[in-house]
Amino acid sequence: MSNILITGGAGFIGSHLTELLLNREDHVTIVDDLSTGTPVNLKHLKNHPQLTFIHGDIGNEQLINEVIQEKDQVYHLAAAVGVALIAKQPIETIERNIYPTQLLLAALRQRIERGESVTTFFSSTSEVYGKNPKEVWTEEDDLVFGATTRPRWSYGVSKAIDEFLALACVKEYSLPIVIGRFFNVVGPRQTGAYGMVLPRFVQAALAGDPLKVHDDGKQTRCFSHVYDVTRAITRLMETPEAFGKVINIGSDCPISILELAERVIELCESNSQIEFQSYTEAYDESFEDIRRRVPDLSRIREMIGDPNQHDMDQIIRDVRDSLS
Ligand SMILES: NC(=O)c1ccc[n+]([C@@H]2O[C@H](COP(=O)([O-])OP(=O)(O)OC[C@H]3O[C@@H](n4cnc5c(N)ncnc54)[C@H](O)[C@@H]3O)[C@@H](O)[C@H]2O)c1
């Protein structure tokens with residue numbers, strides 16, 4: 001039974017992680033400012049005796065220094081997330097993703113200087129690979145970002161800075177940190193409000209509205225179920241070889257966005273049509289996309305075995321059922 005802090009626990013991934021840890025009988029404290037998260041994600045856990053919810057900003061130094069005390073583990077999930085949000089609010093993305101991470105690392109360093117160890121999970125993203133042209137991305141590959149005049153890259157760059165900071169703390173202070181790079185995590189409770197494609201498609205299909213596919217729809221992504229991802233990160237936190245490592249987390253089965261739209265329409269038994277939309281219409285003329293995004297999962301498989309138990313159709317059905 002551990003005493004765990006989750007930053008961003010009222011968000012999509014954080015709420016599922018909270019549930020998993022409470023089911024294991026851990027004590028969980030969430031700090032969330034509800035910027036993109038919502039109490040609705042936690043409503044079924046509201047009166048759980050082992051859950052403490054703090055409505056607050058992890059950019060508040062005093063708060064972070066207080067909540068970190070007595071914790072054995074930290075899962076740092078709070079961030080500005082979502083391509084649409086990032087394209088519209090780059091200042092918020094950069095500030096929200098870097099400064100709180102610095103504060104958290106400083107608080108963790110103080111604990112270690114007192115001889116207390118706190119194992120920590122940092123959530124990073126496949127966006128750190130930028131537009132690396134390789135077919136499959138391994139953790140040691142180069143980060144290839146676009147121009148700074150294209151705000152979209154600020155998300156990947158800000159998360160890359162977090163990774164550099166975390167790895168520096170591993171090196172200089174021996175902080176036990178696992179860095180996970182998530183690849184398109186999906187499932188129940190994910191909102192489409194910030195540009196996430198699967199909830200947008202399922203909502204449109206259920207309503208009989210057109211599914212808006214950006215560009216030619218031939219760009220590919222690998223989608224993983226949030227249940228598989230949360231299980232994987234808790235297992236990595238129990239795996240000593242994972243500490244100090246960057247680890248791809250997700251599925252390695254690519255699907256094009258057009259194929260995804262077609263599967264959603266079929267599994268929702270919908271009469272919706274597919275409409276193509278240019279990136280300029282969807283975002284603005286500065287938007288630049290990534291055509292292909294597939295992780296090499298050798299590292300995670302060596303550590304915890306295959307993390308994925310749900311295929312694309314199961315994921316779509318779960319999202320459909322949660323939104324019906
Ligand atoms: N969902 C994905 O596919 C995906 C992919 C790559 C990386 N990630 C990473 O996973 C993490 C969780 O993402 P998610 O999809 O659950 O997004 P989310 O927006 O649902 O969750 C983020 C949570 O953090 C909270 N938050 C943001 N800034 C905060 C602050 N300063 N103080 C307190 N709370 C704050 C938000 O209110 C929200 O509840 C993020 O770090 C994100 O970068 C997610």
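In this short talk I will go through the overall build of the chain, then the surroundings of its ligand, and then three pairs of packed helices.

Please keep in mind throughout that what you see is a predicted model. The protein chain holds 11 helices and 13 strands. Its radius of gyration is 19 Å, close to the 20 Å that the globule rule gives for 324 residues, so the chain is as compact as a globular protein of that length. If we lay the C-alpha trace along its principal axes, it spans about 60 × 45 × 35 Å.

Let me turn to the ligand. It is surrounded by 28 residues, and the closest of these are Gly8, Gly11, Thr36, Gly37 and Ala79. The elements that give two or more residues to this shell are α1, at 12-23, β2, at 27-32, α4, at 90-113, and β5, at 119-125. Which of the elements makes the largest contribution to the shell? That is α1, whose share is 3 residues. Sorted by class, the shell has 13 nonpolar, 11 polar and 4 charged residues.

Now to the helix pairs, and I begin with α4, since we have just met it around the ligand. The axes of α4 and of helix α5, which covers residues 153-173, come within 9 Å and cross at roughly 10°. With angles under 35 degrees counting as roughly parallel, α4 and α5 are therefore roughly parallel to each other. On the α4 side the contact includes Pro90, Ile94, Ile98, Leu105 and Ile112, while on the α5 side we find, among others, Tyr155, Ile161, Leu165, Cys169 and Tyr173. By class, the residues of this contact divide into 11 nonpolar, 6 polar and 3 charged.

The other two pairs both involve α11, residues 312-323. Helix α6, residues 197-207, packs with α11 at an angle of about 60°, with the axes 10 Å apart, and the two helices are therefore oblique to each other. Their crossing is right-handed. From α6 the contact takes Leu198, Pro199, Val202, Gln203 and Leu206, and from α11 it takes Val319, Arg320 and Leu323. In terms of class, that contact has 6 nonpolar, 1 polar and 1 charged residues.

How, then, is α8 placed against α11, and at what angle do they pack? Helix α8, residues 257-267, packs with α11 at about 55°, with the axes 10 Å apart, so α8 and α11 are likewise oblique to each other. The crossing of α8 and α11 is right-handed. Here α8 brings Arg263, Val264 and Leu267, and α11 brings Met312, Asp313, Ile316, Arg317 and Arg320. The residues of this contact divide into 4 nonpolar, no polar and 4 charged.

One residue deserves a second look before I stop. Arg320 of α11 takes part in the contact with α6, and Arg320 also appears in the contact with α8.

Conventions: Residues are numbered from 1 along each chain as its sequence is written. This is a predicted model: local features need pLDDT of at least 70, side-chain atom pairs count only at pLDDT 80 or more; totals for chains, interfaces and linings use all residues. Axes are lines fitted to C-alpha atoms, for helices over the stretch in contact, and angles run from 0 to 180 degrees between N-to-C directions. Helices (H or I, at least four residues) and strands (E, at least two) are DSSP runs, numbered from the N terminus. Angles under 35 degrees count as roughly parallel, over 145 as roughly antiparallel, 65 to 115 as roughly perpendicular and the rest as oblique. A crossing is left-handed if the near helix is turned anticlockwise from the far one by less than a right angle, and right-handed if clockwise. Two residues are in contact if their C-beta atoms, placed from the backbone, lie within 7 Å. Ala, Val, Leu, Ile, Met, Phe, Trp, Tyr, Cys and Pro count as nonpolar, Asp, Glu, Lys and Arg as charged, and the others, Gly among them, as polar. A residue is near a molecule or strand if its C-beta atom, placed from the backbone, lies within 6 Å of it. The radius of gyration is taken over C-alpha atoms; the globule rule is 2.2 Å times the number of residues to the power 0.38.
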